[in-house]
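Here are my notes on the ligand site and the helices around it. Please read them with the model open.

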Amino acid sequence: MTTIFGAIADDFTGATDLAGLLARSGVRVSLRMGVPDQPAKDPAAFEVIALKSRTAPVAEAVAETRKALAWLQNAGARRFFWKYCSTFDSTAEGNIGPVAEALMADLGVDQTIYCPAFPENGRSIFMGNLFVGQQPLAESPMKDHPLTPMQDSNLMRLLRPQVTKPVGLADRLTVARGAAALRAALDDHKRQGTAHVVVDAVANSDLEIIAEACRDMVLMTGGSAVAMPLPALYLADGTLSADAPKAQTPKLGTGGIVLSGSCSSMTNKQVADYLARGTAAYQLDPLQLAEQGIQPVLDWLKSQDLNAFPMIYATASPASVKAAQAKLGVATAGEMIENVLATCALTAREMGARRFIAAGGETSGAITKALDVAQLDIGAEIAPGVPWCFATSDRKQIALTLKSGNFGTETFFADALRILEAS
Ligand code: ADP
């Protein structure tokens, strides 16, 4: 199998989100954590590379993304996707534009589109302005984001200072007239030298039209949702052969563990729901950890039956998180808990756990790193943007799901286990 579609995402949970949406079609989607050192031995039709470049210095983001592009080209990909956040997160210096121009230069293309819309999650674009629910981006909570405050809602204005070539718009009225009309509008823009075209979308049906119009573009850029229709289009037009390998749930040993380091309000509800089911659980207290070290939790873990899927969690209310942070420092408390949960993951694997449910973006990063997972095959979706993933860790087949903060519903942990059994 060679790769037909290669995507590069500017952060880890964004890559999982994109991979999950592509896998809804049933095709095999592979997710790589960073650019692999070696060429792919068994590339999937859809390859996604997760970078950590959203807030990196521009030159570093560009260099990493070009490396990822070269790897994907080597795997056979001929169509490419640059995935960024559906709220178009970028710093004032902005990585989105420079990375897109670097990809365009390497691919020798003179036009691409920008469509971060994700209507299912309340992100829509009208007349080039991005909305979060009913609020313009710059009036939404994103205006106060600690790393990427968004103080303009207009995507053309945000993009212009980040690129060297002209920026234009294909508006909702054009999209509403269908794929042929949109293609004609893009061609018009191209004749006038407009390299960067923001495309409006307010509903899933708009995304279908955009994907149809742009499916042969060498480079598309956007949020995950505009890529979602592509696998079905490529299957329908024969770009992807109907007998291409499908996503498969591998044979897994028994046993598993839930490791939760997210303190988001949704994760607090998910932990409460799982506790209410009477599952064995151990709560990590940062202050106690700082005094007593990791041994007490490891002793507890070693006494557990992993077939009952016990939970270890640091998830706590905002007030107790603040209290721990005040005593230990934000970074120290965070890293200490990430390290403990990562060590628990390793211990659980040695005890025979083959299913891992990780809650928290940073927490998931620490756990995948400890388990030495570099590549994941995407399986069944548990909640929008959160699939089961399959990987090899220490030559053992494992399943893991990596849930960032507010994703999933209250019953996420129990749902995840049920869905894995059913798949
Ligand atoms: P999310 O996806 O919700 O942002 P992350 O795992 O990315 O979750 O971030 C949560 C951070 O909070 C991690 O660094 C984690 O170690 C830290 N943390 C978890 N529990 C506590 C706690 N009780 N006190 C202080 N920090 C905590």
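1. Start with Gly-334. This is a predicted model, and in it a backbone N or O atom of Gly-334 sits 2.8 Å from an oxygen atom of the ligand. Gly-334 is also listed with the residues that come nearest to the ligand.

2. Thr-363 also faces a ligand oxygen atom. Here the protein partner is a polar side-chain atom, at 2.6 Å. Thr-363, too, is among the residues that come nearest.

3. Ala-314 contributes through its backbone. A polar backbone atom of Ala-314 lies 3.0 Å from a nitrogen atom of the ligand.

4. How much of the ligand does the protein bury? The ligand taken alone exposes 580 Å², and 81% of that is buried by the protein.

5. The shell around the ligand holds 18 residues. Ser-262, Gly-334, Glu-338, Glu-362 and Thr-363 come nearest. By class, nine residues of the shell are polar, seven are nonpolar and two are charged.

6. Which helices each supply at least two residues of the shell? They are H12 (318-328), H13 (330-351) and H14 (361-370). Gly-334 falls within the span of H13, and Thr-363 within that of H14.

7. Check how H13 and H14 pack. Their axes come within 8 Å and cross at roughly 40°. That crossing angle makes H13 oblique to H14, because angles under 35 degrees would count as roughly parallel and 65 to 115 as roughly perpendicular. The crossing of H13 past H14 is right-handed.

Notes:
Residues are numbered from 1 along each chain as its sequence is written. This is a predicted model: local features need pLDDT of at least 70, side-chain atom pairs count only at pLDDT 80 or more; totals for chains, interfaces and linings use all residues. Side-chain values use heavy atoms; hydrogens and water are left out. A residue is near a molecule or strand if one of its heavy atoms lies within 4 Å of it. A polar contact is a pair of N or O atoms within 3.5 Å; within protein, one must be able to donate a hydrogen and the other to accept it, and residues adjacent in sequence count only if both atoms are side-chain atoms. Accessible areas come from the Shrake-Rupley method with a 1.4 Å probe; for residues, only the protein chains shown count as cover. Helices (H or I, at least four residues) and strands (E, at least two) are DSSP runs, numbered from the N terminus. Ala, Val, Leu, Ile, Met, Phe, Trp, Tyr, Cys and Pro count as nonpolar, Asp, Glu, Lys and Arg as charged, and the others, Gly among them, as polar. Axes are lines fitted to C-alpha atoms, for helices over the stretch in contact, and angles run from 0 to 180 degrees between N-to-C directions. Angles under 35 degrees count as roughly parallel, over 145 as roughly antiparallel, 65 to 115 as roughly perpendicular and the rest as oblique. A crossing is left-handed if the near helix is turned anticlockwise from the far one by less than a right angle, and right-handed if clockwise.
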